[in-house]
Amino acid sequence: MKATAWTRAYRRRAPGEPRAIGYVYILPALIVYAAFLLYPFGQAVWLSFVHWDGLTVATPAGFDNYRALFSDASLRAPFLHALLLLVFYAALPVAIGLLLAALMSRVRIRGMTFFRTVLFLPQVLALIVVGVAWRSILAPDGLLNDALRAVGLGGLARPWLGDYTWALPAVGIVGTWVGTGLCMVLFLAGAQRIPRELYEAARMDGAGPLREFLTVTLPGLRPQIAVALTLTIVAGLRNFDLIYITTSGGPGNATSVPAYEVYHRAFETNQVGSAAAVGVALTVLIFVLTVTVSRLVEGRRA
Amino acid sequence: MTTRLERNVTYGILALFTVIALTPVIGILSTAFGSQSSLDTGFSLPKGGLHWSNFADAWSRGHFGTYLGNSVLVTAVVVAATTVLAVLAAYAFGVMRFPGSTVLFHLFVIGLTLPQEALVVPLYFDLRYAELTDSYWALILPQTAQSLAFGVFWMRTYFRGSARAVIEAARIDGANTWTTLWRVLVPMARPAISTMVVITFMWTWNEFLMALVMVSDEAHRTVPLGLAFFQGQHSSDAALLAAASVLIALPVVVVYVALQRRFIEGMLGGAVKE
């Protein structure tokens with residue numbers, strides 16, 4: 001009796017449309033998600049406003065930890081490194097990808113599945129494995145130096161990852177290797193979808209290759225460029241594994257990045273509050289950059 | 001319309017980038033099959049046949065047998081939990097209308113941009129307080145939560161696009177929401193679900209930072225963590241290091257080659273377009 005009454009009331013309130021039961025379906029996911037993602041993030045914000053060594057009682061810090069991000073050179077450096085690395089992790093892959101898409105946009109490619117599989121491969125390898133592989137390429141007696149010596153450029157050979165000037169670009173090149181395939185795959189797929197007629201029309205109007213790229217290919221690839229930039233920027237800023245395995249932030253702090261600094265401060269030098277502030281600042285940076293990308297590239301309000 | 005020259009240039013460039021993409025991979029493979037006595041820390045070509053024994057050594061001496069077991073366990077649980085929880089939640093977000101659903105959904109989407117680095121510090125102290133560090137739970141629970149952000153977003157997009165007529169028809173036939181989901185929608189959603197499964201599998205299998213922070217005893221090490229420690233101890237032993245790398249990368253690469261469309265689709269889908 002009760003059940004039918006309830007069912008009838010339920011039906012009357014929502015003819016054919018289930019409502020309240022939606023919460024029941026969401027609940028299990030929400031519990032796990034709130035307990036192990038939302039709540040810890042709230043704690044991270046709280047921790048960023050205290051001084052804490054991880055053991056004794058935390059003391060309030062006000063904005064000290066955030067002020068230090070600007071005033072303390074050892075905290076400023078990781079953020080500068082991260083921005084510089086974005087040239088290698090995001091700008092270069094997108095630029096290379098666009099250039100190639102421009103060169104190839106007029107040819108229907110056979111065997112695309114094969115090329116796509118291989119070019120995208122760096123994306124699926126564990127970054128720890130990528131780091132191990134590139135460590136041996138960049139090692140003093142590694143592939144790169146061997147190749148340089150073989151072509152008579154032995155003078156350029158150096159321990160790339162141990163060099164104060166070259167360690168950061170060297171780590172950057174590894175990121176370029178990881179990201180380029182992703183951009184190529186995205187742009188090639190996008191370029192193949194641009195209607196051929198647009199190219200023919202552009203050529204009819206006497207457009208050269210550059211004009212053609214600027215008026216047809218580039219606007220046609222807007223959504224793909226936004227996706228590529230978002231993915232590479234987020235991956236580049238989150239990058240911890242590569243730095244840990246190749247340089248551990250060294251030599252000195254030449255390759256230290258915020259992601260590494262969080263780990264280093266929280267678990268190696270017991271500056272938990274400062275580590276949390278770096279983590280929160282990194283979150284804000286990621287947020288600002290991804291919103292900027294979607295506004296600039298896609299031209300819509302985010 | 002295209003000339004022979006354009007065609008050749010195109011394939012030339014593709015071939016060049018294929019070689020660049022494969023060089024480190026081939027380097028690792030050739031070193032993994034090389035001889036262990038080689039003092040070269042760089043890549044070396046195997047001399048005197050393939051040394052399969054490197055893999056056996058990595059397995060036993062490097063304890064990668066144990067690490068692989070841990071990785072399989074953690075990954076299986078995370079993937080299973082994420083799949084079930086994400087399908088349930090995304091179903092509600094995708095086909096039901098109820099107050100607060102938009103806000104709740106956006107809470108899940110935020111997780112796609114929150115970097116792990118911001119979460120790992122409080123998570124470590126929370127789990128240490130609960131005496132869960134150095135346990136599988138410390139690896140499983142946070143990674144499930146992080147995978148849910150993608151899973152819910154991904155499956156909700158699918159359920160939104162699935163035909164309302166099908167859901168209506170099921171309802172008229174007397175199916176309740178539970179039956180509609182499992183008997184009608186989930187079988188139809190197999191491609192979308194398998195994309196979510198392979199992406200979650202790859203992320204969990206390759207995860208390093210969480211394992212590094214949460215696990216200090218050898219018994220719970222996953223393979224990426226094992227490799228990092230292995231490199232610390234045997235950095236001169238390039239052949240063993242490379243063999244261990246191959247053991248780690250192989251499962252993901254095999255699945256990737258078989259289902260590459262799903263990987264690419266899923267990874268590109270992770271760039272939120274709201």
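This is a guided tour of a predicted model, with a suggestion at each stop of what to select and a note on what is there.

**Stop 1: chain B as a whole**

Start with chain B on its own, drawn as a cartoon. You'll find 13 helices and zero strands, so colouring by secondary structure won't give you much beyond helix and loop: the pattern along the sequence is α-α-α-α-α-α-α-α-α-α-α-α-α. Switch to the C-alpha trace and line up the principal axes; the spans are about 70 × 70 × 30 Å.

Now turn on a surface. The accessible surface of chain B is about 11400 Å², and carbon and sulfur atoms account for 66% of that. Of the chain's 274 residues, 57% count as buried. If you like contact maps, take the contacts in chain B between residues at least 6 apart in sequence: 75% of them link residues at least 24 apart. For the charges, select the 16 positive and 15 negative ones in chain B; their mean positions lie 14 Å from each other.

**Stop 2: the nonpolar core**

Bring chain A back and select A:Phe187 and B:Met155. These are the residues with the most contacts inside the largest nonpolar core, which has 190 residues. Helix α3 of chain B, residues 64–95, supplies the largest share of this core, with 16 residues. A separate core of five residues lies apart from it, and A:Ile194, A:Tyr199, A:Ala207 and A:Val216 are among its members.

Which residues does A:Phe187 touch, beyond those up to four places away in sequence? Show A:Val94, A:Gly97, A:Leu98 and A:Ala101, then add A:Leu221, A:Gln224, A:Ile225 and A:Ala228.

**Stop 3: helix α9 of chain A**

Next, select residues 196–204 of chain A, which form helix α9; A:Arg196, A:Tyr199 and A:Ala202 are buried there. Look down the axis: these residues cover an arc of only 125°, so they sit on the same side of α9(A). As a reminder, an α-helix has 3.6 residues a turn, so residues three or four places apart point the same way.

Rotate to the face turned away from the buried side and you'll meet the exposed residues A:Glu197 and A:Met204. To see what covers the buried residues, show α8 (167–192) and α10 (209–220) of chain A, which are included in that cover. Just after α9(A), click on A:Gly206, where phi is positive at about 80°.

**Stop 4: helix α4 of chain B**

Now try residues 101–110 of chain B, helix α4. Its buried residues include B:Ser101, B:Leu104, B:Phe105, B:Phe108 and B:Val109. Viewed down the axis of α4(B), the buried residues stay within an arc of 145°, so they line one face of the helix. On the face turned away from that side are the exposed residues B:Thr102 and B:Val103. The cover over the buried residues of α4(B) includes a piece of the other chain: α2 (21–47) of chain A, along with α3 and α6 of chain B.

**Stop 5: a chain A residue with chain B contacts**

Select A:Val124, in helix α5 (residues 112–124) of chain A. Is A:Val124 buried or exposed? It counts as buried, because its relative accessibility is 1%, against a cut-off of under 20%.

Leaving out neighbours within four places in sequence, the contacts of A:Val124 are B:Met202, B:Asn206, B:Val252, B:Tyr256 and B:Phe263. While you're here, draw a distance from A:Val124 to A:Val178: the two are 54 residues apart along the chain, and their C-alpha atoms are 9.3 Å apart.

**Stop 6: backbone oddities**

Most residues other than glycine have a negative phi, and most peptide bonds are trans. The last selections go against that.

- B:His63 has a positive phi of about 60° although it is not a glycine. Look for B:His63 in the loop between α2 (53–60) and α3 of chain B; at 37% relative accessibility, it counts as partly exposed.
- B:Glu131 is not a glycine either, and its phi is positive at about 55°. B:Glu131 is in the loop between α5 (116–129) and α6 (136–161) of chain B, and it counts as exposed at 70% relative accessibility.
- A:Gly250 and A:Pro251 are joined by a cis peptide bond, with omega about -5°. Find A:Pro251 in the loop between α12 (241–246) and α13 (258–267) of chain A.

Terms used: Residues numbered from 1 in each chain as written. Chains lettered and ligands numbered in written order. Predicted model: local features only at pLDDT ≥ 70, side-chain atom pairs only at ≥ 80, totals over all residues. Heavy atoms only, no water. Helix = DSSP H or I, 4+ residues; strand = E, 2+ residues; numbered from the N terminus. Buried < 20%, exposed > 50% of the residue type's maximum accessible area, 1.4 Å probe, protein only. Contact = heavy atoms within 4.5 Å. Areas by Shrake-Rupley, 256 points an atom, 1.4 Å probe, with all protein chains shown as cover. Lys, Arg positive; Asp, Glu negative; His and termini not counted. Charge placed at Lys NZ, Arg CZ, Asp CG, Glu CD. Core = buried A, V, L, I, M, F, W, Y, C linked by side-chain atoms within 4.5 Å. Arc of directions from axis to C-beta.
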